[in-house]
Amino acid sequence: MLDVDAVSKSYATAQGPIEVLRCVSLGLGPGRTLALTGESGSGKSTLLHLIAGLDAVDAGTIRLGGSCVTGLGDAARAALRRTAIGLIFQQFNLIPSLDVAGNLGFQARIGGRHDAAWQEELTERLGLGEVQARFPEQLSGGQQQRVAIGRALAGRPALILADEPTGNLDEATGEAVMALLLELVDASGASLLMVTHSPRLAAMLDARVTLRAGRVA
Amino acid sequence: MRALVVLRTLLAHWRRHPVELATLLVGLAVATALWSGVQALNAQARASYDRAAAVLGGDVLSTVVAADGQRFPLEDYVALRRAGWKVSPVIEGDMRRADGSVRVLGVDPVTLPPAAGSLDIGEGAERLTQFLTPPNLALAAPETVARLGGAQDLPPLAESADLPPDTLVVDIAVAERLLDAPGRLSRLLLAPGETRALPAALAGRLRVEAPRETGDLDRLTDSFHLNLTAFGFLSFVVGLFIVYSAIGLAFEQRKPMLRTLRACGVSARMLTGVMVGELVGLALVAGLAGVVAGYAIAASLLPDVAASLRGLYGARVPGSLSLAPAWWAAGIAISVGGALFAAAGSLWRAWTLPLLAPAQPQAWLQAQRRGLRLQGALAAAIGAGALAALVFGDGLVAGFAVMGGLLLAAALLLPSVLAGVLSLGARGARRPMVQWLWADGRQQLSGLSLALMALLLALAVNVGVGTMVDSFRRTFTGWLDQRLAAEVYLTAADAEGAQAVALWLDARPEVRARLPIWNVEGRLRDWPVEIYGFRDDPTYRDNWPLIATLPEAWDRVAAGEAALVSEQLARRLNLALGETVTLPSPQGPWPVEVAAIYSDYGNPEGQVMVAVDALTARWPEVDRRRLALRVAPEAAAALVTDLRAAFPGVEAVDQRALKDLSKRIFERTFTVTVALNALTLAVAGIALLTSLLTLSNLRLVQLAPLWAMGVTRRRLAAIEMGKALALAALTALAALPLGLAVAWVLTAVINVQAFGWKLPIFLFPGQWLTLLGMALATAFLAALWPAWRLRRASPLTLLQGFSNER
Amino acid sequence: MSARWLIFLLLFPAAVQGQGYAGLGSGAGGYAAVTAPAALEFPRDHGAHPGFRIEWWYLTANLKGEDGEDFGAQWTLFRQAGRPEPEAEGWASGQIWMGHAALTTADAHRVAETFARGGIGQAGVETAPFRAWIDDWEMTGTDDGIGALTVAARGEDFAYRLKVRTDHEPVLQGVAGFSVKSEAGQASYYYSQPFYAVSGEIEVEGRRVAVTGRAWLDREWSSQPLAEDQSGWDWFSLHLEDGAKVMLFRLRSETEPPFLSGTWIAPDGTPTPLAPDQIAMTPVAETEVAGRRLPVGWRIEVPDFGLAVDTEPLNAQSWMGTLFPYWEGPISVTGSHDGRGYLEMTGYE
C-alpha cells in the first residue's frame, strides 16, 4: 500500500543545511494503522509531508498504491491528494469561510468522490449533526478536529495521514477523538499513518515506528 | 466542476469580509470611473475636432489656399476652373453675434465634389433648392438649430447631424453676405486625382495643401488633453493603490486557507486560475460600475471642458456626451487590466505559495525593514530617471515623466520617512504606553503605507496645482491690467462702419487717442499666427508686458523694421531677440527682426505685432473693424452708452467688462483641473478609510492585550484616532515640499511645453493650511468608524483576539 | 427637344410645383412665357435668355477617322434659372449651368459632366463674338454668328477639339421657331444649325485621331415643362446622303398616344414642319443598357418625303451615366436613304 524507501531530506537554514531525514524506509499495508513517534525535530512531520506530496524528497522513493509519489509533478500530486489521501492537522486547518457541512464535503467534492450517504453517516458518527450550519470559529477545538477527521474521510481515501491530531485538545477530548478516528478509519477500510509523540496513543495502533535524529530507530 | 467548488470556497471569504470586498470594488470602480471619465471627455472633444476636420472632406481632400493664408479673389477660382481644375469654392469665417460667434461655412453645392460628403443637402432635390434659393437654408447640428432657431440675422435653419456644434453650412452666396466678404474665397476643395501643378499665373499666390488628418484644433488642444489625461492617470493610479492594498490584505488573510486548499489536493495551477477568474469577475462588476460613474463624471464636467476649449482655442465641442461602444469596452478592460496589474504580486505569491508555512516566520520589523530598503532603492532609481528626463528630456511627455517620477519616488520614500520619524519618537519615549504607541504606529505603518502614499500624492498634487493656478491667476490679473490699458474697445460691423465711428469719435473731446487694432490671420511655419498692426502710442510703450527687449525696440517697430513676438510663438519657433522672422504677405515674404517678446497668456495662436502702416501696406485686405480708445476712465461708461446708441451695429466694451470676461474664461479653464483634483483627494480619502477599516479587524488582536491589561476601550479608540490623525498630519507635512516641487514642474516645465508660457511661482501659505485641515479631516472621517467600532466592541469580540490568534 | 427637360425637372422639382400645370400658356411663377411665335433675331438669340427657365446649346457630331473608323461627339451646355427674378450679380445670380460631353466609339461611350454657378464667369454665353463655355469646355465663334465654331471638351479619358463650319443660315423649327411639345400646348423656342461640316482631332485611348464629319447644333429655350403625363421621348437628327436633314421626336405619354413632331429640312435649308400623321416611328430592336431595356433600333417613315429607313446605333451602349441618365449616341441610317445621325432616348426606367 504505502512503501517509503530510503528517503532523505534536508533543509537549508542560515546556519547551513540540516539533514532532517536520513535514508528512512518503512511500509504500511492496506487497512493497517501505524504510529510514527519520536522527539520534537526527529523528522516525523517532515516524513508525513513528503508522503502527502506537500514537499519533495532529496533522495529515495515513496510509493502509494500503484503511484510513485516522488516521481509526480505538482498537479499529479495534487490529484493524488484529492483522491487517495486524507490529511488531518494538529491545527485542524478548516476553511473559515465554509460552514461545517461545506468543510466536511469539500475535499470529497473536489476529488469527485462525494457520497452523500457516507457523509451523512460520518456527520452522525462524529456527532456533528447539530452544528452543521456553524462556521469553524463557532466550534470548540474537539468539534473542529472532528470536522477535520470527517473531511479527511469523506472521500474514502486509501490513506489517512494525521499529524498530532489530538495535540491541540485536552486529554479527555483527545482520547474521545482518537477513538472515533480509529473506529472510522476501520469502518472506511483506509490505512492510517499517524504522527504522535504520545506512547499511549501510539499503542492504540497496529504498529509503531520511532524516528531519532532523522533515522528509523 | 472542481473549479466551481474552489471558486465558491474563495468567494465565501468575501461574504465574511464584506468591507474588504467593498474596498476592492470601490477602489476599482473609482479608478475606472476617473480614468474613463477623462477618456470620455477627451474622446468627445477629439470626435468633434475630427468632425470639424472632416466637414467638406477636409480630412481626405487637398485644398488650394492663398500662399499668405488670407482670403483670395473669386476670379482665381474661376481662372482655375477655366483651366480645367475640378475645384469647389469655400468661404469660411466666424460671424460675430450677440451671444458669441458662429462658424460660417459657405459652399457651392453645384461643384462640391462627392468626396466632400457628410453634407446631406443632396437628400431630396427640394432641400437643395431651398438651400440654393432665397431665403436659403442654413444647415447646423441639431443642438445648434435648437439654440439659434429663429434668429433674424440668419437664414432658416435645418438639421444636419454630422456637423460640429455652432457651425452653419450655407450656400456660398449667403456666406459672403454673412461674413461680409463679397467676391472673396477662403479655400478651394480639390477633387481627388488632380496632380497637375498650379498654372503659372496663379502659382505665386495660391498653393495646394495636402489634406490634414488632424486639424489645427487637434494640434493646439493636444496639450490640454494631455493635461486631462495626466490627471486621469494620476487618479487611476491612486485608485489602484486601494485595489492593491485590498487584494494584498485579502491574500494575507486567505493564505492559511489557500494552504489548506492545496493540501486538500487543489493544484497550484487551478488555485491561481480560479483566483484570476475570481478577480476578473469582480473587476468586470467594478468596471461596469466604474464606467457608469465615469460617464456621470464626464457628463457633469463636459460643459466646463467645452467652455474652456471654446474660450482657449475657439474649439466647438457639443455639451452633451455621445460615446461609442468601444469606450465602454475600453473602460471595463482598463478595470480588468488594472485589477490584474494590482493583483499580479498576490497572484504570483499564490502560484508559488509554499505548501508548508515557514518554520520561522520573519519578524514584522525585519520584513518591514527589507521592504523599506527595497522601496528606497526603487525610489532612488525612479528619482534618477525623473532627473534625467528633466535634464535631457524635451516636450510635454518628458515634462509629465518628470512629474510622474517625482511623485512616485516621493511616494515610495514616504514609508521610510515616516518609519524614521516614528523610531526617533520611540527612542525619546519613556512611559510604557507612549513607547507602545510609537512602536505600534511603526507596525501599523506597513498596512497603512499604501493609503498614506495615495494621500501624499493627492495632497502634493493639490498643493502643486493650487499653487500653479493661484500663481497664474495673480500673474494673469496683472498682465490683463497691462494688456488692456485702453479704456474702451470697439468692433464695427465692417470697415466703412469703423470709418464712420472714427469720424464720430473725432468730435468727442474726451477721446484722447484712437488706436487701430487691425489684424490678419496667417500661417508661420505651418502654425496659425495673428499679425496685429498697432499705432505707436504711450499706451503701448508704457504698458505692454514685455519679457525681453532689444534697445529702442519700440522705435524700430514703429519704423516698420521690426516686430514684437508673443512668448508662445517665440518658444514654438525658437525665436530669439534680434533674429529675423519672415512673414508671408500678399506682397511677398516680409522679413522683420524680433525686437521684443511679450507675454500673451491664454492665446493658443502665436502673435506678431507690427506697425499698423506696415501692416496695411502689405496686407491691403486687413480687417479694419477694431479700435481701442483712450479716454478719461470716468468718461468711459458714458462714451460706451453713447456709442451704442449712435451705432447699433457696433460692439463697444469698456475695459472692466473685457477684463471680467477674460477672468471668467480663465476661471473656467481651470474648473476641470480643480474638480479632478478634488476627486483625487476624495479617492485618497477612500483609500485611507478602507485601509483603516480592514486593519481594524486585525488591530483587535493587537489591542486586546492592552484592554486585558486595563486600558479602556474608550482610550484605545482615542489612541487609534490620534494615531491616524498624526500619520495623516505627517503625510501632509511631507506633501508640502513635494507639492511645491510639483508646482515648479507645472509652471516651469509643463506649462512651457503645453502652452508656451512660463510663470513666476507665488507661495500661498493660507492654501497650505487649508490642505492640512483637509488632510486631517479626511483622516478623521476615515478613522471615525473603525474607532467607533472599537469603542463599541463587546468584550467577547476582544476575547476572540486571543482565541483566534493563529 | 432632348433630355435636358427631364434633367432640370428632376433637379428642381420644387420649381415645377411652383409652376403648376393648369396655367397653360402662362409663364407661371414669373418666368418669361413661350405662348406664341416670336420673331427670332440673330445674333441676339444665339445668346442666353435668362428670363426663361431653361435653355441649351446642344451639338452632336458624326465623325470619321482617316481610316474610316466611326466616332460620335456630343457637346452640351445647359442653363437653368433657379428663380424667376432677374439675374443678380455674383454668387446670387440664381443661374446654374451644366455641361455634358461625350465621345462614342464602336466599343466605348465616354462621358463627362460638369456644373457651374452663374454670375461669376465660370460658365456662360456671350454673343460678340459668340462664345459659350463652362470650365475649360468651350464653343467659340470667330464673329457674332455661329457659322464657324471651335468646339472643345475634355473628360478624364477623352478629349476633342473640332472646327465646325457652314454657310447656311440657322433653321427655325416648328412655326418660325415656335415648337409645340404637347396637345396641351407646351412649347419652346427652337432653332437648329444642322449643316456643319467638321474637321478636328479627338484624343481617346491614348491616341490622337484626325476626324471629319457632320455636326448638328440645337438651340432651345422655354419656361414650361412637359405635360404632366409625358414620361420621356425619343428624338432623332438625321443627315441624309442627299443633303436633306430630318428632325423627329416622339413624346411618350402614360395615358395618351405619343405626341409626334418633326421638321423636313431640304438641302437648301428650307424647313417643312411635319404633322403627327406624317410621321411613323417604330422601335424594332431592343437591347439591355444599364440594367434596362432600350429600343436602340428603329424603323422611321415619312411617306410624304419618301423616307423609309432603319436606324442602327454605332454603339448600343451609348449611355449617359450622368446625374440624370439618358441614352444619346450616333446612329447610321439605311433604306430608302442612307445617312447618319443622332438618337436620344429618355425616360426609360
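**Note on the predicted model: a buried glycine, a helix pair, a sheet and two chain contacts**

1. Leaving aside residues up to four places away in sequence, Gly155(A) is in contact with Thr83(A), Gly86(A), Gln107(A), Ala108(A), Gly111(A) and Arg113(A). The structure under review is a predicted model, and this remark applies to every point below. Gly155(A) belongs to the loop that runs between α5 and β7 (159-163) of chain A.

2. The surroundings of Gly155(A) may be described further. There are 28 other C-beta atoms within 10 Å of Gly155(A), and the residue is therefore classed as buried, the threshold being 20 or more. Between Gly155(A) and Arg82(A) the C-alpha to C-alpha distance is 8.2 Å, although 73 residues separate the two in sequence.

3. The next element to consider is helix α5 of chain A, residues 141-154. Its packing partner is helix α6 of chain A, residues 171-188; the two axes lie 10 Å apart and form an angle of about 15°. Because of that angle, α5(A) is roughly parallel to α6(A), the limit for this description being under 35 degrees. The crossing of α5(A) past α6(A) is right-handed.

4. Residues on both helices can be named for this contact. From α5(A) come Gly142(A), Gln145(A), Arg146(A), Ile149(A) and Leu153(A). They meet Thr173(A), Val177(A), Leu180(A), Leu181(A), Leu184(A) and Ser188(A) of α6(A). By class, the contact of α5(A) with α6(A) comprises six nonpolar residues, four polar residues and one charged residue.

5. Chain A also touches chain B, and each of these chains contributes 21 residues to the contact. On the side of chain B, two or more residues come from each of α1 (2-16), α8 (216-263) and α9 (268-313). The most is given by α1(B), with eight residues. The side of chain B that touches chain A is made up of 11 nonpolar, six polar and four charged residues.

6. Chain B has a further contact, with chain C, in which 19 residues of chain B meet 22 residues of chain C. Here α3 (74-82), α4 (125-132) and α6 (172-178) of chain B each provide at least two residues of the chain B side. That side contains nine nonpolar, five polar and five charged residues.

7. As to the fold of chain B, the model shows 23 helices and 21 strands. Chain B has 806 residues, of which 47% count as buried. Where contacts in chain B link residues at least 6 apart in sequence, 81% of them join residues at least 24 apart.

8. One sheet of chain B deserves separate description. It is open and antiparallel, with four strands in the order β12-β20-β11-β21. At its edges are β12 (511-516) and β21 (651-654) of chain B, each of which pairs on one side only. On average, and with direction ignored, neighbouring strands of the sheet are turned by 20° against each other.

9. Within this sheet, strands β11 (residues 488-491) and β20 (residues 626-631) of chain B are joined by four bridges in the antiparallel sense. Tyr489(B) is placed opposite Ala628(B) of β20(B). Helix α19 of chain B, residues 633-646, packs on the sheet and touches β11, β20 and β21 of chain B. The direction of α19(B) makes about 170° with that of β21(B).

Definitions and conventions
Residues numbered from 1 in each chain as written. Chains lettered and ligands numbered in written order. Predicted model: local features only at pLDDT ≥ 70, side-chain atom pairs only at ≥ 80, totals over all residues. Axes fitted to C-alpha atoms, helices over the stretch in contact; angles between N-to-C directions. Parallel < 35°, antiparallel > 145°, perpendicular 65-115°, else oblique. Left-handed = near helix turned anticlockwise from the far one by under 90°. Contact = placed C-beta atoms within 7 Å. Nonpolar A, V, L, I, M, F, W, Y, C, P; charged D, E, K, R; others polar. Pairing = 2+ DSSP bridges. Buried ≥ 20, exposed ≤ 12 C-beta atoms within 10 Å, placed from the backbone.
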